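Student: Before we use any label for this protein, could we go through the reasoning behind each one?

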Amino acid sequence: MAEDCGMMKTVLPFYLRAVPQDLLPQALRRPVDMDRLYATSLLTDSARLERFLTESIDKGTDRLATDTLYRICLDIYINRVQRQTRAAMLWRRLNTLLYNTYMRAKHEMGTRSIEPYDANHTLRFSTGRVMDIGYMDEMLARTDTVVPKFRRLLGTATQRTIACFTTNAETAAGNSGSAVLNARGELVGVNFDRTAESTFSIYRNDPRYMRNIVVSTDYILWVVRHLSRSQYILAELGAQ
């Protein structure tokens with residue numbers, strides 16, 4: 001709790017300077033004693049929170065209305081959803097309109113330059129090789145990720161299944177769920193995400209640093225077969 005409170009007190013001045021007054025939570029429009037809020041809030045003490053959750057079955061959750069720290073968090077979330085998200089949607093629409101205009105102009109000019117991959121505006125595919133994390137070893141599990149906990153639970157601890165692997169293929173927002181094929185055209189995984197250091201790939205294609213995360217087909221089948229036991233999916237896929 002002390003670390004969380006310290007972090008809050010550190011970032012709060014930046015937040016107060018950056019956010020317009022009308023977007024600030026009511027509790028932050030006047031000086032607040034953050035140490036007192038953290039010391040008394042239901043959210044910062046596991047025993048208090050557990051007791052509240054147990055009692056709420058009979059007494060309801062009205063007590064949260066008087067928890068100032070909870071109200072601050074809720075107001076920040078509501079402001080983001082109701083105002084910031086709407087504003088972001090308008091900017092994205094404008095960006096799409098301008099981008100489409102730009103692409104039409106380049107097409108009319110007859111340029112043959114290679115455009116960076118962009119999943120948000122064009123139907124495309126990207127290529128790459130299976131690569132280790134390399135310079136990001138401390139940020140993500142290596143390519144031989146396993147799920148020993150699930151093995152123990154289901155009695156299959158003797159089997160080793162690769163849960164995910166990384167490649168240097170470019171990926172961007174909108175690519176999640178895309179099929180990942182090997183050089184023989186076989187489905188080997190589903191694109192899941194990209195690493196934090198790969199977010200620049202929307203604007204620049206650099207295989208030296210790009211890493212996308214692929215959930216392996218073996219792991220997906222293992223989950224469907226042993227964890228969810230969804231035999232009808234296996235039958236539909238012809239993967240019995």
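Student: With which residue does Glu-186 form a salt bridge, and how far apart are the closest N and O atoms?

Tutor: This is a predicted model, and in it Glu-186 pairs with Arg-184, the closest N and O atoms being 3.3 Å apart. A salt bridge requires a side-chain nitrogen of Lys or Arg within 4 Å of a carboxyl oxygen of Asp or Glu, so the pair qualifies. Glu-186 is partly exposed at 38% relative accessible area, whereas Arg-184, at 68%, is exposed.

Student: How many salt bridges does the structure hold, and what makes the contact of Asp-35 and Lys-9 one of them?

Tutor: The structure holds 3 salt bridges. Between the side chains of Asp-35 and Lys-9 the N to O distance is 3.1 Å, and because the limit is 4 Å, the pair counts. This pair links distant parts of the chain, with Asp-35 in helix α2 and Lys-9 in helix α1, 26 residues apart. Asp-35, at 43% relative accessibility, counts as partly exposed, and Lys-9 is partly exposed at 38%.

Student: Why is Asp-75 called buried, and where does Asp-75 lie relative to Arg-71?

Tutor: Asp-75 has a relative accessible area of 18%, and because buried means under 20%, the label applies. Its partner Arg-71, at 33% relative accessibility, counts as partly exposed. Their side chains meet in a salt bridge of 3.7 Å, N to O, and both residues lie in helix α4, 4 residues apart, about one turn of the helix.

Student: What makes the rings of Tyr-219 and Trp-222 a stacked pair?

Tutor: The search of the whole structure finds 1 aromatic pair. In this pair, Tyr-219 and Trp-222 are 6.1 Å apart centre to centre, with 15° between the planes. Centres must lie within 6.5 Å and planes under 30 degrees apart count as stacked, so both conditions are satisfied. The two residues lie in helix α6 (residues 217-227), 3 residues apart.

Student: Are Tyr-219 and Trp-222 buried or exposed, and how do you know?

Tutor: Tyr-219 has 16% relative accessibility and counts as buried, as does Trp-222 at 3%; the cut-off for buried is under 20%. Thr-217, Leu-221 and Val-224 are also among the buried residues of α6. The helix is followed by Arg-229, whose phi is positive, near 55°.

Student: Why is Trp-91 called exposed, and which residues make a nonpolar surface patch with Trp-91?

Tutor: Trp-91 has a relative accessible area of 62%, and because exposed means over 50%, the term is correct. Trp-91 is in helix α4 (residues 68-109), and together with Leu-94, Leu-97 and Leu-98 makes a nonpolar surface patch of about 460 Å².

Student: Which residues make up the largest nonpolar core, and which helices each supply at least two of them?

Tutor: The largest nonpolar core has 10 residues in all: Cys-5, Met-8, Leu-12, Ala-27, Leu-28, Met-34, Leu-37, Tyr-38, Leu-69 and Ile-72. At least two residues of this core come from each of α1 (2-18), α2 (34-40) and α4. Leaving aside residues up to four places away in sequence, Ile-72 touches Pro-25, Ala-27, Leu-28 and Leu-37.

Student: How many helices and strands does the protein have, and in what order do they run?

Tutor: The protein has 7 helices and 4 strands, and from the N terminus on they run α-α-α-α-α-β-β-β-β-α-α. Of its 240 residues, 28% count as buried.

Technical notes: Residues are numbered from 1 along each chain as its sequence is written. This is a predicted model: local features need pLDDT of at least 70, side-chain atom pairs count only at pLDDT 80 or more; totals for chains, interfaces and linings use all residues. Side-chain values use heavy atoms; hydrogens and water are left out. Patches are made of residues with over 30% relative accessible area and no salt bridge: like charges are joined within 9 Å, nonpolar side chains (Val, Leu, Ile, Met, Phe, Trp, Tyr) within 5 Å. Accessible areas come from the Shrake-Rupley method with a 1.4 Å probe; for residues, only the protein chains shown count as cover. Buried means under 20% relative accessible area, exposed over 50%, partly exposed in between (1.4 Å probe, protein chains only). A nonpolar core is a set of buried Ala, Val, Leu, Ile, Met, Phe, Trp, Tyr and Cys residues joined through side-chain atoms within 4.5 Å. Contact means heavy atoms within 4.5 Å. Rings of Phe, Tyr and Trp (its six-membered ring) pair if their centres lie within 6.5 Å; planes under 30 degrees apart count as stacked, over 60 as edge-to-face and the rest as tilted.
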